[in-house]
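Please look through the structure below, beginning with a single aromatic side chain and moving outwards from there.

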Amino acid sequence: VASGGCSLNLNLRRGAARRADMAAMAGNGMAPGPGSGPAEEFQQCWRQFEMMMQNYTGDDPLGPWDRFIQWVEPHLPPTEKNVLVSVFEKLVKNFMNDKRYSNDPRYVNYLLKLIHCSTTPLEFFDYTHGQGIGTTSAVFFLAWAEVLEMKGKVSMADSVFHKGIENSAQPLEMLLQQYQ
């Protein structure tokens, strides 16, 4: 993460509550010491994030996760990108049974990033689709069909496209354009 410590500012809440969160973080002595490597700095930021989430009272808990990942992803050196896989796993597990996020573009995006890191992506697609996740997301169906095509399973990819079209996955135009 950025050298000089963890400057985690996720805007978890608004107004006075947010200012109190930031003041608490600034005074908690959580910043890594000099000479910390990227992995240690990330772990320190991760602990801060987990502490902040324990006290989260907003109505969109996926929002802070999204902001955390957007913040940390570009700061990790390429050699440390593998730590994001564990964050994606935790995010996906954390919201797997929360139906309000089943087709949320942010959730589907992180799910797809995790699936692309998986050694068994087709099983992952089958399972998550069976859980009702991604059922109205054109991006989900496109990614699924792409993996099938790469594995030479063209007729199955065709079925996935049809399933997405039947579900009116959005944006439908994208799905129809890619299907042609």
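Phe 141 is buried, with a relative accessible area of 0%, where buried means under 20% relative accessible area, exposed over 50% and partly exposed in between, for a 1.4 Å probe and protein chains only. Trp 144 is also buried, at 4%, and the two residues, three apart in helix H7, are separated by about one helical turn. This is a predicted model, in which local features need pLDDT of at least 70 and side-chain atom pairs count only at pLDDT 80 or more, while totals for chains, interfaces and linings use all residues. Residues are numbered from 1 along each chain as its sequence is written, and side-chain values use heavy atoms, with hydrogens and water left out.

The largest nonpolar core has 46 residues, and Trp 144 is among those with the most contacts inside it, as are Phe 42, Trp 65 and Phe 125; such a core is a set of buried Ala, Val, Leu, Ile, Met, Phe, Trp, Tyr and Cys residues joined through side-chain atoms within 4.5 Å. H7 gives the most to this core, with nine residues; helices here are DSSP runs (H or I, at least four residues), numbered from the N terminus.

Confidence is expressed as pLDDT, the predictor's confidence in each residue, from 0 to 100. The protein chain averages 84, and 79% of the residues score at least 70. Among its elements, helix H1 (residues 15–26) has the lowest mean pLDDT, 43, and H7 the highest, 98. Where pLDDT is low, the predicted coordinates should not be read in detail.
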